[in-house]
Amino acid sequence: YAFGHVSGAHINPAVTIPMMITKKIGVKDGIGYILFQIMGAVVATASLVVLFPELGKQVFWGAHGGPSELLNNNLMSGLAVEIILTFFLVTVIFMTAVHKKAPKSVYGAAIGGMIFLLHLVGVPLTGASMNPARSFSPTLFSGDAGLWEVQWLYWVGPIVGGIIAGVVMNYIYVNKAEKEE
């Protein structure tokens, strides 16, 4: 929220990609954002590895291990959950931070609140990634080859969910509001 005026506070490839597709940011900037999102996540996890080597290792520094038993460990169910969770996240982002008529004073609370609610629902199911960079980095440091087998889930699901939400919200609501100005 504090960096919104500088870079749009892009910390998630599943948000940046729909912003590029809907031309809210340029492709060159978007690719740069995504590279720095991944690098930032790697630096953050490396910091956890240094600060909490034994404690963090017990939980693979927050790596996601795929769909839980609540979903019968079914990858397609996990994919659907990640698509739906990220759809709701990106919907709120487009309807608050991107929409010209939305009150800018509350979008941080609206987005943060949505992330909180989505985690309440999604953590028991898939870990509620909604952010490929956030899921990639702990897997990189985990040393667990099994986590790489499900890594695609945490890229495909959030990116697909984000694109669907971004395109739908942009073309139904955001563009309409921009034309009215």
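**Figure 1. Phenylalanine 87, a partly exposed ring with a relative accessible area of 23%.** Welcome to this predicted model! Buried would mean under 20% relative accessible area and exposed over 50%, so phenylalanine 87, at 23%, counts as partly exposed. Phenylalanine 88 also has a place in this view: its relative accessible area is 41%, and it too is partly exposed. How many aromatic pairs does the structure hold? There are three. One of them joins phenylalanine 87 to phenylalanine 88 in an edge-to-face arrangement, with 5.6 Å from centre to centre and 80° between the planes. If those two values are new to you, here is a handy hint: the distance of the centres and the angle of the planes are how a pair of aromatic rings is described.

**Figure 2. Phenylalanine 136 and tryptophan 148, an edge-to-face aromatic pair.** Here the ring centres are 5.8 Å apart, and the planes make an angle of 70°. Which helices does this pair link? Phenylalanine 136 sits in helix α7 (residues 132-142) and tryptophan 148 in helix α8 (residues 145-149), so the pair links distant parts of the chain, 12 residues apart. Tryptophan 148 is partly exposed, and its relative accessible area is 37%. Now look for Trp155 as well: ring pairs connect Phe136, Trp148 and Trp155 into a cluster.

**Figure 3. Helix α6, residues 107-122, and its two faces.** This helix has 16 residues and spans 22 Å from its first C-alpha to its last, close to the 22 Å expected at 1.5 Å a residue. Which residues of α6 are buried? They are Tyr107, Ile111, Met114, Leu118 and Gly122. Imagine looking down the axis of α6: the buried residues fall within an arc of 60°, which means that they line one face of the helix. The face turned away from this buried side carries the exposed residues Ala109, Phe116 and Leu120.

**Figure 4. A nonpolar patch on the surface.** Leu75, Met76, Trp152, Val156, Val160, Ile164, Val168, Ile172 and Tyr173 make up this patch, and together they have about 720 Å² of accessible area. Two helices, α5 (75-98) and α9 (153-180), each supply at least two of its residues. Which helix gives the largest share? That is α9, with six residues. Take valine 168 as a residue to follow: it is found in helix α9. Is valine 168 buried, exposed or partly exposed? It is partly exposed, because its relative accessible area of 31% lies between the 20% and 50% cut-offs. Now set valine 168 beside valine 15: they are 153 residues apart in sequence, and their C-alpha atoms are 14 Å apart in space.

**Figure 5. Asparagine 72 and alanine 128, two residues with a positive phi.** A little background helps with this view: most residues other than glycine have a negative phi. Asparagine 72 is not a glycine, yet its phi is positive, at about 55°. Where is asparagine 72 found? Look in the loop between α4 (53-58) and α5. Alanine 128, another residue other than glycine, has a positive phi near 55°. Its place is the loop between α6 and α7. Asparagine 72 is exposed, with a relative accessible area of 67%, whereas alanine 128 is buried, with a relative accessible area of 1%.

Conventions. Residues numbered from 1 in each chain as written. Predicted model: local features only at pLDDT ≥ 70, side-chain atom pairs only at ≥ 80, totals over all residues. Heavy atoms only, no water. Patch = residues over 30% accessible without salt bridge, like charges linked within 9 Å, V, L, I, M, F, W, Y side chains within 5 Å. Areas by Shrake-Rupley, 256 points an atom, 1.4 Å probe, with all protein chains shown as cover. Salt bridge = Lys/Arg side-chain N within 4 Å of Asp/Glu carboxyl O. Helix = DSSP H or I, 4+ residues; strand = E, 2+ residues; numbered from the N terminus. Buried < 20%, exposed > 50% of the residue type's maximum accessible area, 1.4 Å probe, protein only. Phe/Tyr/Trp six-rings, centres within 6.5 Å; stacked < 30°, edge-to-face > 60°. Expected span 1.5 Å × (residues − 1). Arc of directions from axis to C-beta.
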